[in-house]
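User: I would like to go through this model by question and answer, starting from an annotated site and ending with helix packing.

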Amino acid sequence: MAIKVLIADDHHVVRRGLVFFLKTQPEIEIIGEAKNGREAVEMMQTNQPDVVLMDLDMPVMNGIEATRQIKASCPEVKIMILTSFSDQDHVIPAIEAGASGYQLKDIEPDILVQAIIQLMKGENQLHPKATSHLLTHLTNKNSTERQPLEELTKRELEVLREIAKGKSNKEIASSLYITEKTVKTHVSNLLSKLELADRTQAALYAVRHGIAESN
């Protein structure tokens with residue numbers, strides 16, 4: 001089954017360019033276009049996309065608020081931010097609003113397709129620049145939260161650290177010299193122990209608690 005994609009971007013040229021390219025991809029089906037965040041929210045029920053490619057700086061309703069509303073009504077939908085902004089003032093609110101991916105508009109088209117596919121497999125897709133800002137911002141915050149980190153095994157902590165670096169299961173398996181199946185098991189276990197919903201929340205948790213910087 002093709003991945004159903006809704007594109008939300010107020011720039012007509014950008015939006016049409018994305019549609020033109022993505023329509024050539026057999027794995028992807030374009031099921032709608034929105035000129036602003038409000039249109040994207042309104043189109044959710046009738047179009048029922050799997051993934052929304054969401055611009056941030058749009059009139060009427062910006063991409064962050066649209067992401068928040070879409071995730072509230074359709075939590076299973078994946079939101080990938082596609083924007084020109086990589087600063088922490090855009091990255092952090094977007095992730096906290098529920099985005100599972102964050103890519104910049106200078107991304108190579110083929111890499112964008114792969115990012116969409118990986119997003120549907122449950123892997124967070126953060127551009128390195130976005131990840132860098134995320135790490136810098138969150139590791140500089142003094143968190144007073146206490147979570148049951150002591151429940152994690154040494155291997156689960158290692159996997160969590162790799163997730164915070166934005167690595168896929170395959171990349172983690174290669175780094176830790178274990179099988180991809182074993183990585184999936186560790187990911188499932190640590191999400192359960194930390195009461196987190198997905199890999200993106202795990203990455204945020206890791207950097208908030210300084211795990212990303214541990215050796």
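The turns below discuss a predicted model.

User: Which residue does UniProt mark as "modified residue: 4-aspartylphosphate", and is that residue buried or exposed?

Analyst: The unreviewed UniProt entry places this feature at D55. D55 sits in the loop between strand 3 (51-54) and helix 3 (63-73). Buried means under 20% relative accessible area. D55 has 3% relative accessibility, so the residue counts as buried.

User: Which residues is D55 in contact with, leaving aside neighbours within four places in sequence?

Analyst: Contact means heavy atoms within 4.5 Å. By that criterion, the partners of D55 are A8, D9, D10, H11, G63, L82, T83 and K105.

User: Which helix supplies the largest share of the largest nonpolar core?

Analyst: The largest nonpolar core has 28 residues, and M54, I79, I81 and Y102 have the most contacts inside it. Elements that each supply at least two residues of this core include strand 1 (3-8), helix 2 (37-47) and strand 5 (101-104). The largest share, 4 residues, comes from helix 4.

User: How are helix 8 and helix 9 oriented to each other?

Analyst: Helix 8 (residues 169-176) and helix 9 (residues 180-194) have axes 8 Å apart and pack at an angle of about 105 degrees. Angles of 65 to 115 degrees count as roughly perpendicular. The two helices, helix 8 and helix 9, are therefore roughly perpendicular.

User: How many residues of the contact of helix 8 with helix 9 are nonpolar?

Analyst: On the helix 8 side are N169, K170, I172 and A173, which meet E180, V183, K184 and V187 in helix 9. These divide into 1 polar, 3 charged and, as the number asked for, 4 nonpolar.

Technical notes
Residues are numbered from 1 along each chain as its sequence is written. This is a predicted model: local features need pLDDT of at least 70, side-chain atom pairs count only at pLDDT 80 or more; totals for chains, interfaces and linings use all residues. Side-chain values use heavy atoms; hydrogens and water are left out. UniProt positions are given in the numbering used here, feature names are shortened, and annotations may be inferred rather than shown by experiment. Buried means under 20% relative accessible area, exposed over 50%, partly exposed in between (1.4 Å probe, protein chains only). A nonpolar core is a set of buried Ala, Val, Leu, Ile, Met, Phe, Trp, Tyr and Cys residues joined through side-chain atoms within 4.5 Å. Axes are lines fitted to C-alpha atoms, for helices over the stretch in contact, and angles run from 0 to 180 degrees between N-to-C directions. Angles under 35 degrees count as roughly parallel, over 145 as roughly antiparallel, 65 to 115 as roughly perpendicular and the rest as oblique. Ala, Val, Leu, Ile, Met, Phe, Trp, Tyr, Cys and Pro count as nonpolar, Asp, Glu, Lys and Arg as charged, and the others, Gly among them, as polar.
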